[in-house]
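Q: Please take a close look at a single part of this structure, a strand and its setting, and describe how the surrounding elements relate to that part. A formal, connected account would be appreciated.

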Amino acid sequence: MRVPAIGCAALLLLAVAACGGRDAATGGGTGGTAAAGGQCAGQQTTGITDKTIKLGGIYPLSGPASAYGDIPKGIKAYFDYVNAEKGGIGGRKVEFVVRDDGYQPPKAVEEARRLVEQEQVFALFQTLGTPSTAATWDYTNQRKVPQVFVATGASIWGTDTAHPWTIGWQPNYISEARVYAAYLKKEKPEAKVAVLYQNDDFGKDLLGGFKRALEGTKVQVVAEQSYEVSDPSIDPQMRNLAESKADVFLNVTTPKFGSQALAADAKNTKWNPLHIVNNVAASITVLKPVGFENVQGVVSATYYKDPNDPTWADDPEMQLYKQKMQQYAPGADANVPYHTFGWAAASSFHKAMEAAACPTREGLRDSVRNLKGVKVDMLLPGVTLDTAQGDGFPIESMQLMRFKGQRWELFGDVIDTRKEFGPLGG
């Protein structure tokens, strides 16, 4: 259902004509890279031709965060659909090359080099995880390769000014933390909170944002426990947190540990806090192994449509998604939200690429930082892509949800954290 906006399509066609449709050259990075002509003169066209565009993604297809391996399946299904039925993006068929880093930063660097120097991709579209992206962004920025819509909500992707080629997509963890803090301030104004968090930039970012958002309130963080991604279990941490007698538990984890924490909470019948799980571990695939009867009332927040929610049963985009997943990814379960995440991210890339003034690396870099109210049909109504000078966060709106029965139910209004809380750090 993505009919390109006439203005964007016309702009892209003009840019293609001006650039003369140069083919990608041999040699990646800044040295020996093909350059565009016309109004796009001097800009890089490695990885893009008149007919193709090559993208690279890095995901933990194995290892402790392998649940995220479903995301590229949704992305590939979207690109396969667009290639087969829409003529690609701007007339270019998309090739999406996926590499596995096992959620190990050194491996992510190795795969980034392989994608840029050997595969000669036009851009890295999604590197998953805060540690992996932090390990690769110096390299991608030195090579002037777009690293767009990285699959991590670390706030640094939108506040840093030294890495203009890297940008996030999903709501940043500080904005997400602000949503939970506002909810507690209203619903449990004197709450005592126990926090489990991953001991890296991801966990510390969300926890730090949460604490700052609580300043001036009577909500207190009374216990904290961290874990390493190499830990076999978080049961010791959960026992320590339970001893705090906190009435709220904030679960800042990736899927494997999110599921463990939910299970440990359910098992301890003497401790019954309000359980808040961060978005990146809120997939139904995380909750299901625990038993739906054991996760009733758990709270989280989201920004894209849940394929399990009957609210979207007649939604044209959801219907299209489920049909095309069955057609182009027949072995994948369309009801897994990580597939939906991938579809939404790929659709966002499509919109950004269409809006680029030049079909070049520089054109994409600039386009993703100048998004104005861009609607992506798989995002929740009221959630749009918006970036500008000094604001490198495409999505900053979320809506709270509560688990009931066998699915998440949205409640309250979509919260635009820019309007509600001011700019990040403000």
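A: The model is predicted, and the account below starts from strand S3 and works outwards. Strand S1, residues 52–59, runs parallel to S3 and is joined to that strand by three bridges. Within this pairing, isoleucine 58 of S1 has threonine 127 of S3 opposite. Strand S4, residues 147–150, also pairs with S3 in the parallel sense, here over two bridges. Leucine 124 of S3 has glutamine 147 as its bridge partner in S4. Between S3 and S4 the chain passes through helix H4, residues 130–142, and the resulting β-α-β crossover is right-handed.

S3 itself comprises residues 123–127, and five of its five residues are buried; the strand is therefore largely enclosed by the rest of the structure. In a regular strand, side chains alternate between the two faces of the sheet.

The approach to S3 has a backbone feature of its own. Glutamine 120 is located in the loop between helix H3 (105–118) and S3. Its phi is positive, about 50°, although the residue is not a glycine. Most residues other than glycine have a negative phi. A second case is lysine 245, with a positive phi of about 60° and likewise not a glycine. Lysine 245 sits in the loop between helix H8 (235–242) and strand S8 (248–252). This lysine has 64% relative accessibility and therefore counts as exposed.

The pairing continues on the S1 side. S1 and strand S2, residues 93–100, are parallel partners over eight bridges, with glycine 56 standing opposite valine 97 of S2. Helix H2, residues 71–85, completes a right-handed β-α-β unit with S1 and S2.

The setting of S3 can also be described through side-chain packing. The largest nonpolar core has 103 residues, and Phe125 is listed with Leu55, Phe79, Trp169, Phe349 and Leu379 as having the most contacts inside it. Helix H12, residues 337–355, gives the most to this core, with nine residues. A second, separate core has 14 residues, among them Leu196, Ile234, Phe249 and Trp271.

Phenylalanine 349 has contacts that reach several of the strands already described. Leaving aside residues up to four places away in sequence, phenylalanine 349 touches Ile53, Leu55, Phe79, Ile89, Phe125, Val148, Phe149 and Leu364. Phe125 and Phe349 also belong to a cluster linked by ring pairs, together with Tyr78, Phe79, Tyr81, Phe96, Tyr321 and Trp343.

The structure holds 22 aromatic pairs. One of them joins tyrosine 321 and tryptophan 343: the ring centres are 5.5 Å apart and the planes stand at 80°, so the pair is edge-to-face. Tyrosine 321 belongs to helix H11 (residues 316–328) and tryptophan 343 to helix H12, so the pair ties together parts that are 22 residues apart in sequence. Tyrosine 321 has 0% relative accessibility and thus counts as buried. Tryptophan 343 also counts as buried, because its relative accessibility is 0%.

Helix H12 also contains threonine 340. With 0% relative accessibility, threonine 340 counts as buried. Beyond residues up to four places away in sequence, threonine 340 touches Tyr304, Lys305, Pro307, Tyr321, Ala334 and Met378. Tyr321 is thus among the contacts of threonine 340 and is also a member of the ring cluster that includes Phe125.

Lysine 288 offers a contrast in exposure. This residue is placed in the loop between helix H10 (284–287) and strand S10 (299–302). Its relative accessibility is 60%, so lysine 288 counts as exposed. Lysine 288 and arginine 407 are 119 residues apart in sequence, while their C-alpha atoms are 9.8 Å apart in space.

For the wider chain, an unreviewed UniProt entry carries the annotation "domain: Leucine-binding protein" over residues 52–404. Over residues 52–404 the chain is 39% helix and 18% strand, with the end C-alpha atoms 45 Å apart.

To return to the part in question, S3 is a largely enclosed strand. S3 pairs in parallel with S1 and with S4. Its Phe125 is one of the residues with the most contacts inside the largest nonpolar core and is touched by phenylalanine 349.

How values were computed:
Residues numbered from 1 in each chain as written. Predicted model: local features only at pLDDT ≥ 70, side-chain atom pairs only at ≥ 80, totals over all residues. Heavy atoms only, no water. Buried < 20%, exposed > 50% of the residue type's maximum accessible area, 1.4 Å probe, protein only. Helix = DSSP H or I, 4+ residues; strand = E, 2+ residues; numbered from the N terminus. Pairing = 2+ DSSP bridges. Right-handed = clockwise from strand over helix to strand, strands pointing away. Core = buried A, V, L, I, M, F, W, Y, C linked by side-chain atoms within 4.5 Å. Contact = heavy atoms within 4.5 Å. UniProt positions renumbered as here; feature names shortened; annotations may be inferred. Phe/Tyr/Trp six-rings, centres within 6.5 Å; stacked < 30°, edge-to-face > 60°.
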